[in-house]
Amino acid sequence: MNLRNRRVDLPPGFRRFWWGEAVSGFGTAVTLLALQTLVVVTLHGGAVEVGWLSSARWLPYLVLGLVVGALVDRVRRRPVMVATDLIRAILLGAIPVTWLLGVLTFPLLLVIVLLFGTVTLVNDAASMSFVPELVPRDQPKRAPAGGADRDLVPKTGGPAVAGVLIRVVGAPLAVLVDAISYLFSAAMVATLRSVPEPAAASSAKLDVRALAAEIRDGVRWVYGGSGLARLAAGTHTWFAAQATLLVAVAPYAFLQLDLSAFQLGLVYGAAGVGALGGAVLSTTLGHRLGTGGAIICAYAVSGGAVVVMLAAGFVPAGWTAAAVLGVGQFGHGWAMGLSNSHEMTYRQALTPDGLQARANTTMRSLNRAVVVVVSPLAGLAADRLGFAPTLAAAAMIFVVAAAILALSPIRRARIS
């Protein structure tokens, strides 16, 4: 497949949208480390608790994802994005408040994270389908790439800043950074110049059968004859590996490698630096390897990167282990920076405007459903079998994801 399009500058509206998303992405990078530290260090949990935290974060995608995608296709996206950003700021603000009041427990944290995940699901569906409205349709490469790569800069500095904040004010208060970032994102989207959007559905009463039909259309598009089914299978497998990695790394770093929150923040920051490098090279490697070849390469590199992370357990604890773990994180981040824009480009290039939210949300919902199921199992495996077997399993699953795509027609796909 080969789509050639002229290259023009992205409009100011997209750049404003990108800044709002980038700043909220910075806050999210802070919160990721802050919540993991909160669970393992403050609330004295382990890999099992981190697994349940991750599962709660993504459970809404399993339960509500397909419905939300169909509903978002029926309304204007910008008001939804503003409202959900404001709600997310309130929910995250509740974490330090309950901690200061002495009532924050792990079950309460799960409830807050579950609600946060639900609101984020709605925002994601609106945001991903809003990008094509900001950029001319004849730019399928640059617009998705801009949307997919918006978190790369925040992921570079966010974790390191999070480590410093956690050391100075503690993990619960560090979450406030993310709450403020969502207020900024809401302001950026609310003050965008008029953007043409599809008119909201005029029906006052929701037709359940029509909604079900819309959901079926989205599922059939992704898993039918659109050409997305094999990509979906590969990404679902990739997310099984990613879920295992996300659950295992923080407890592995704190409990086995004896790292501090600051050291782990630097390690996560290395992943951000790698992601920037992968994104910078994504166009060049896309021309050389093709869209499909770049994705396959990235998945395989992630498998090797996890092997490097595993090696951190066989060197002296502390800064030496942090350095080895950081090299592995750099490699995995590089792979994600390379693959993100190519995956989104491939998906959006094959999907018509009217199905954008449903197609995106269908794939994201099933991806996150994998995370919901795998995360508690990965936490249990890490606690019962140890971190080394768990990380080795993650590396193997990444390789399997690469093989699924390498054995499909996607390996020949080229979208320029």
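This text walks through a predicted model, from the whole chain down to single residues.

Start with the overall composition. The protein chain holds 14 helices and 2 strands. Of its 416 residues, 57% are buried. Contacts reach far along the sequence. Take those between residues at least 6 apart: 90% of them join residues at least 24 apart. The accessible surface of the chain comes to about 16500 Å². Carbon and sulfur atoms account for 69% of that area.

Now go inside. The largest nonpolar core has 94 residues. Seven names stand out there for touching the most other members: Leu35, Ile95, Leu109, Leu231, Leu264, Val306 and Leu325. Which helix gives the most to this core? Helix H10, residues 229–256, does, with 14 residues. A second core sits separate from this one and has 6 residues. Leu285, Trp334, Ala335 and Leu338 are among them.

Leu325 is a good place to look closer. Set aside residues up to four places away in sequence. Leu325 then touches Tyr252, Ala253, Leu257, Leu259, Val267, Met309 and Ala312.

Ser339 belongs to helix H12, which covers residues 319–349. Buried or exposed? Ser339 has a relative accessible area of 3%. The cut-off for buried is under 20%, so Ser339 counts as buried. Beyond its neighbours within four places in sequence, Ser339 is in contact with Ile295 and Ala298.

Charged side chains come next. The count of salt bridges is 1. Arg88 and Asp85 form it through their side chains, at 2.6 Å from N to O. Both residues lie in helix H3, residues 77–100. They are 3 residues apart, about one turn of the helix. Why does that spacing matter for direction? An α-helix has 3.6 residues a turn, so residues three or four places apart point the same way. The pair is also shielded from the probe. Arg88 has a relative accessible area of 4%, so Arg88 is buried. Asp85 is buried too, because its value is 0%.

Helix H8 offers a check on geometry. H8 runs over residues 176–190, which makes 15 residues. How far apart should its ends be? The rise is 1.5 Å a residue, and the expected span uses one less than the number of residues. The expected span of H8 is therefore 21 Å. The end C-alpha atoms of H8 are 21 Å apart, which agrees. The buried residues of H8 are Asp178, Ala179, Ser181, Tyr182, Ser185, Ala186, Met188 and Val189.

Finish at the surface. Leu62, Val63 and Leu64 make a nonpolar patch of about 260 Å². Leu62 lies in helix H2, residues 47–72. The relative accessibility of Leu62 is 44%. Buried ends at 20% and exposed begins over 50%. Leu62 falls in between, so it counts as partly exposed.

What does Leu62 touch, leaving aside its neighbours within four places in sequence? Its contacts are Ser365, Ala369 and Val372. Leu62 and Leu366 are 304 residues apart along the chain, yet their C-alpha atoms are separated by 6.6 Å. Leu62 thus has a place in the surface patch and also has contacts with residues much later in the chain, including Ser365.

Definitions and conventions. Residues are numbered from 1 along each chain as its sequence is written. This is a predicted model: local features need pLDDT of at least 70, side-chain atom pairs count only at pLDDT 80 or more; totals for chains, interfaces and linings use all residues. Side-chain values use heavy atoms; hydrogens and water are left out. A nonpolar core is a set of buried Ala, Val, Leu, Ile, Met, Phe, Trp, Tyr and Cys residues joined through side-chain atoms within 4.5 Å. Buried means under 20% relative accessible area, exposed over 50%, partly exposed in between (1.4 Å probe, protein chains only). Helices (H or I, at least four residues) and strands (E, at least two) are DSSP runs, numbered from the N terminus. Contact means heavy atoms within 4.5 Å. Patches are made of residues with over 30% relative accessible area and no salt bridge: like charges are joined within 9 Å, nonpolar side chains (Val, Leu, Ile, Met, Phe, Trp, Tyr) within 5 Å. Accessible areas come from the Shrake-Rupley method with a 1.4 Å probe; for residues, only the protein chains shown count as cover. A salt bridge is a side-chain nitrogen of Lys or Arg within 4 Å of a carboxyl oxygen of Asp or Glu.
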